[in-house]
Amino acid sequence: MNEHGISTYEETETISRAVEQVSQKRYKYFNINVGWLPERGSPSLQKYLNKVLTKKRTTLAPCIQALDDFIESNPVIKYLVDNACKENANILASGLPEVTSDKVPRIRDKDDLLHTFNAILTEAPQFIDYDLVGLPFSAYVVGIDPTLSGSTLFRLPMFNQYMANILNEWNTFLDSPASNVGFRHENEQWLSTTAKEQYDFPIWKKDSETLPYWKSWNSFFTREFKDRNKERPISDPMSNRTLICPNDGSMYRWRANIKKKDVFWFKDMQYSLSDILSSSVPEQQELIDQHDLINIFSGGYIFQTYLNPYNFHRWWCPANATVLFTPFVVPGCFFNKLVLPDFGGATTASLPYLAEVNARGIIVFKTKEYGHICCIPLGMSEVSTISFDSNLVAGATVTKGQEMGMFNYGGSSFAVIYERLPGKKLIFENSDGVPYDQDPVVASGSSGTGGEVTLIGAKIGMWKTVILNQSLDLSVAAPIPTSQLSIAGYTHAQYNETYATWALLHKGVIDFQLYVDEPVYFNLKMSVCAALVDGVANAPATVRVNGVVVCRIAPKDGNFSTATQLVADYLLTTGQNIIAISLDDQATGQLFINNITIGA
């Protein structure tokens, strides 16, 4: 028996194995800290929890009393709540460093849970010893959301509806003057020197130029720039070819060729369009189906970011476009996690999964030349209030950088989905043209900033024309030209009927003509071999594009093999280009070429 009166040897072993597995390096997103909460186990977090746990209990707010009545009236929900609290005791009894009582709060029963919710309901995000407690509900429910019963509970729509009512009530408090307590005294809380540096105090509009500066917490959270053109200029505003980030944040990951349906495997969460673009609300699902969104974006690209508490929490339109339908907010979960056990408090470790199950907005823009773009502001934990600008209705014309909406103390992630386009490839890259890693460094410190900061309005990618895969068959005497590739001419070259291939003779050259609408990168593949002379292969050749040497090839024997070379876009010109393959002067044998292929 342990101090909680529970026999836990096997349970402790199970928890120990689970923590060991998820702590291994391959689970890189386990226990991510993006700045919303202090480090796990920090004295400041413990001090905050003690503050709310020792508050004098008062009459439950109506929204919390409603949850209490619901729990008592539903035996399944009551079982899950009671069992989650028992499992919370088991976790603490395990004695593991990751889950000691100074890191995971003890939640003894339903009354503990609800009265602590009641205490938090009038607490604004605040600093404890210079550490931000920005997700007070998450800091507390980490005691049960990693448990099997707790994770089940927080997935249930009926339970989440009551949680939504509680969080809406909290949001009402954050809209009130009582919530601006952190802005009333210089050098304290949100006006401390450290905090001001984090959110760059001078650049923001304020409700007043004197204390308390902002009339409520939400007024601060949705603050605007004094000079948006200076602070966040729009990259390439007249063209949709350049992609801009619709929000401030840090890059979480990007993926190409996203699938209609996929499975969330623990160590590598995938994106599933049929789940992301879905809703439990019939009218919303009807719009999704009516516009065939899943098929539109199947095989496309996704770019996901996360926001820290100091970021700008408004979002701007990503393109010059038309709004496809009036946007809506899909109801969803609030404290649900896929990565378990995760004792980090916030749910950042499960971000791709959250794009499918959490409260999220859906808006789609239709551009003339670069297809459709879907923007998904995503709620996380208690920060799940999502508001679209009222001007963005079906058929509305928008400009790149126009106001799209905001998080009213809601949302801490943003996903953008781009349609796959024939003949074009989306390259995610920064303003210097440096490609982004698919999985960049993520946040680990209190500022919550990862290795790739993405500012609203800044370039995050570029559409590039690609050459469609096409081959010129040189195993025949009269190769049939493709839409872009053909033989332009040749010298000292001929078709060899015996071996059914074209051959370069001494000082031979074949010129291939490539037509492009604009300069592009492409892969050049050549199937070649050498005609042996006295059993020796000696047929080195040079490949030039518009007169510039791009590679040399030297087949080692008489068997056909493929030589591949990436050709840079700056070597091409709009219109006709020449790819020349010439046999070097020192060659003593013929070079056989039976196929040339170009493509992305």
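**Exercise 1. Is Val-543 buried or exposed, going by its relative accessibility?**

Before the solution, some ground rules. Residues count from 1 along each chain as the sequence is written, and side-chain values rest on heavy atoms, with hydrogens and water left out. The model is predicted, so to speak of a local feature takes pLDDT of at least 70, and side-chain atom pairs count only at pLDDT 80 or more, while totals for chains, interfaces and linings use all residues.

Step 1: get the cut-offs. Buried means under 20% relative accessible area, exposed over 50%, and partly exposed in between, using a 1.4 Å probe on protein chains only.

Step 2: apply them. Val-543 has 0% relative accessibility, so it counts as buried.

Step 3: place it. Val-543 sits in strand β22 (residues 541-545); helices (H or I, at least four residues) and strands (E, at least two) are DSSP runs, numbered from the N terminus.

Step 4: list what it touches. Contact means heavy atoms within 4.5 Å. Skipping residues up to four places away in sequence, the contacts of Val-543 include Leu-524, Met-526, Cys-551 and Ile-581.

**Exercise 2. Work out how strand β21 is paired and whether it is enclosed.**

Step 1: look at burial. In β21 (residues 522-530), 7 of the 9 residues are buried, so the strand is largely enclosed by the rest of the structure.

Step 2: find its partners. Two strands pair if DSSP finds at least two bridges between them. β21 pairs with β24 (residues 561-567) in the antiparallel sense over 7 bridges, and with β26 (residues 591-599), also antiparallel, over 8 bridges.

Step 3: pin down the register. Ser-527 has Thr-562 as its bridge partner in β24, and Leu-524 has Ile-598 in β26.

**Exercise 3. Describe the sheet that contains β13.**

Step 1: write the order. It's an open sheet of 3 strands, β6-β13-β11, with antiparallel pairing.

Step 2: spot the edges. β6 (314-316) and β11 (386-388) each pair on one side only, which makes them the edge strands.

Step 3: check one pairing. β6 and β13 (residues 403-407) are joined by 3 bridges, and Trp-316 stands opposite Glu-403.

**Exercise 4. Find the residues at the heart of the largest nonpolar core, then follow Tyr-418.**

Step 1: define the set. A nonpolar core is a set of buried Ala, Val, Leu, Ile, Met, Phe, Trp, Tyr and Cys residues joined through side-chain atoms within 4.5 Å.

Step 2: read off the hubs. The largest core has 99 residues, and the members touching the most others are Phe-117, Tyr-199, Phe-365, Met-404 and Tyr-418. Helix α8 (residues 157-174) gives the most to this core, with 8 residues. Another core, of 36 residues, lies apart from it, with Ile-467 and Leu-504 among them.

Step 3: follow Tyr-418. Leaving aside neighbours within four places in sequence, its contacts include Leu-243, Phe-297, His-372 and Trp-463.

Step 4: look for gaps. On a 1 Å grid over the protein atoms alone, a cavity is a set of points where a 1.4 Å probe fits but cannot get out, and lining residues have an atom within 4 Å of a point. Points are joined across faces, edges and corners, and a volume is the space filled by probe spheres set on them. That gives 3 cavities of 30 Å³ or more, and the largest has a volume of about 60 Å³. Tyr-418 is one of its lining residues, and strand β3 (residues 242-244) gives the most to that lining, with 3 residues.

Methods:
On a 1 Å grid over the protein atoms alone, a cavity is a set of points where a 1.4 Å probe fits but cannot get out, and a pocket is an open set with protein on both sides within 12 Å along at least five of seven lines; lining residues have an atom within 4 Å of a point.
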